[in-house]
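Thank you all for coming to this group meeting. I would like to walk you slowly through one structure, and I will try to name each part before I say anything about it.

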Amino acid sequence: MNNALEIKGLCKSYPKFQLTDVSFNVPAGSITGFIGRNGAGKTTTLKSIMNLLHYDKGEVKVFDQDMLKNELALKQDIAFSLSEINYYPNATIKKLTKVTSKFYNNFSYDTFNKLCERFNLDPTKRLEQLSSGMKVKYSLAIALSHDAKLLILDEPTSGLDPVSRGEITDLFIDLVKDGKRSILFSTHITSDLDKCADHIVYIENGKITFTGKKEDLVNKYALLRCEYSAITDKLKEKFISSKEQFGQVLALVKKEDVVKKKGIKVLEPSIEDIMQYGEQGANYEKITL
């Protein structure tokens, strides 16, 4: 099995939004980051994968099996979380786990209790008493206690402080070390992807614009820090987007359009740079030659 998840030609139409021919894979043993602006289609895609909404057409395969035909069996090996847990806020972790465990054939309380110790989760606490970070850890404890092989998580680090986000991304890396688990998680905090993701899926306005290894995305582009005197009309045409910063111009270009000359410094862009500059489009208002 090369892929834990395969999506082909997924389409879903709303009056003001369309998910169009969404296709990508989550390689087995990988951490795949799903990125895009708010409203780009990330949550719609994740819900479609889990058959929580009826898509118009397309195919979803999990562990080489059709999701629609084998949904109940496959969901035994999938952990799915939409943002943070907010249902039954007055219930204790112990009570909520007792209810949740009944949905899984191989739920292990021994594993769950060990994970509670590792995550410093107090089973007697009510859900509403947990911080956002602890809610994420609780979701992961549930997932690992039924030995989920595929984790699909929507914005798991949203709203967390940097220390908590670091703990979660470190945990993700630890979870896939043996190659038996795969993680797909959506996020708009691209620095988390810099730390832990090895594959990226990029969605814009309901369409996939990139899917592949993280380094392949980063290596497609370069960030130029230019003195005004070094910018020519020919170079300016190569700018995907640009902005003024401290009396210089920062511009995103394709790697093949890099110009090395005095007054231009070539930098490696982050995923955030690629998203920010790429989705702004051409913006040269502040560049006057």
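**A hairpin, some sheets and some charged pairs**

Let me begin at a turn: in the hairpin made by strands E12 and E13, where two residues lie between the strands, Phe246 adopts a positive phi near 55 degrees. Please keep in mind throughout that what you see is a predicted model.

Staying with this hairpin, strand E12 covers residues 241-245 and pairs with E13 in the antiparallel sense, with five bridges between the two. If you would like one position to look for on the screen, find Glu244, which stands opposite Val249 in E13. Strand E13, which runs over residues 248-254, also has a partner in strand E11, residues 221-226, and that pairing is again antiparallel, this time over six bridges. Here the position to look for is Leu223, whose bridge partner in E13 is Leu252. For those of you who are new to this, strands of a sheet pair through backbone hydrogen bonds, and they can do so in a parallel or an antiparallel way.

How many of the seven residues of strand E13 are buried? The count is six, and E13 is therefore described as mostly covered.

Let me now turn to another sheet. Four strands form an open sheet here, in the order E2-E1-E4-E5, and their pairing is antiparallel. Its edge strands are E2, residues 17-27, and E5, residues 65-66, each of which pairs on one side only. Strand E1, residues 3-14, runs antiparallel to E2 and is joined to it by eight bridges, and among the positions involved is Ser13, whose bridge partner in E2 is Gln18.

Next come the charged side chains. In general, side chains of opposite charge can pair when their charged atoms come close. A search of the whole structure finds nine salt bridges, and I will show you some of them.

One of them joins the side chains of Arg118 and Asp174, at 3.0 Å from N to O. Because Arg118 lies in helix H4, residues 109-119, while Asp174 lies in helix H6, residues 162-175, this pair ties together parts that are 56 residues apart in sequence. Asp174 also meets the side chain of Lys177 in a salt bridge, at 3.8 Å from N to O, and in this way Arg118, Asp174 and Lys177 are linked in a network of salt bridges. As for their surroundings, Arg118 is partly exposed at 48% relative accessibility, Asp174 is partly exposed at 31%, and Lys177, at 65%, counts as exposed.

A further salt bridge is formed by the side chains of Lys137 and Glu167, at 2.8 Å from N to O. Lys137 belongs to helix H5, residues 132-145, and Glu167 to helix H6, so this pair ties together parts that are 30 residues apart in sequence. Is Lys137 buried or exposed? Lys137 has a relative accessible area of 14%, and because buried means under 20%, it counts as buried. Glu167, by contrast, is partly exposed at 38% relative accessibility.

Finally, a word about cysteines. Cys116 is buried at 4% relative accessibility, and Cys226 is buried as well, at 0%. How many disulfides does a search of the whole structure find? The search finds zero.

Conventions
Residues are numbered from 1 along each chain as its sequence is written. This is a predicted model: local features need pLDDT of at least 70, side-chain atom pairs count only at pLDDT 80 or more; totals for chains, interfaces and linings use all residues. Side-chain values use heavy atoms; hydrogens and water are left out. A disulfide is a pair of cysteine sulfur atoms within 2.5 Å. Buried means under 20% relative accessible area, exposed over 50%, partly exposed in between (1.4 Å probe, protein chains only). Two strands pair if DSSP finds at least two bridges between them. A salt bridge is a side-chain nitrogen of Lys or Arg within 4 Å of a carboxyl oxygen of Asp or Glu.
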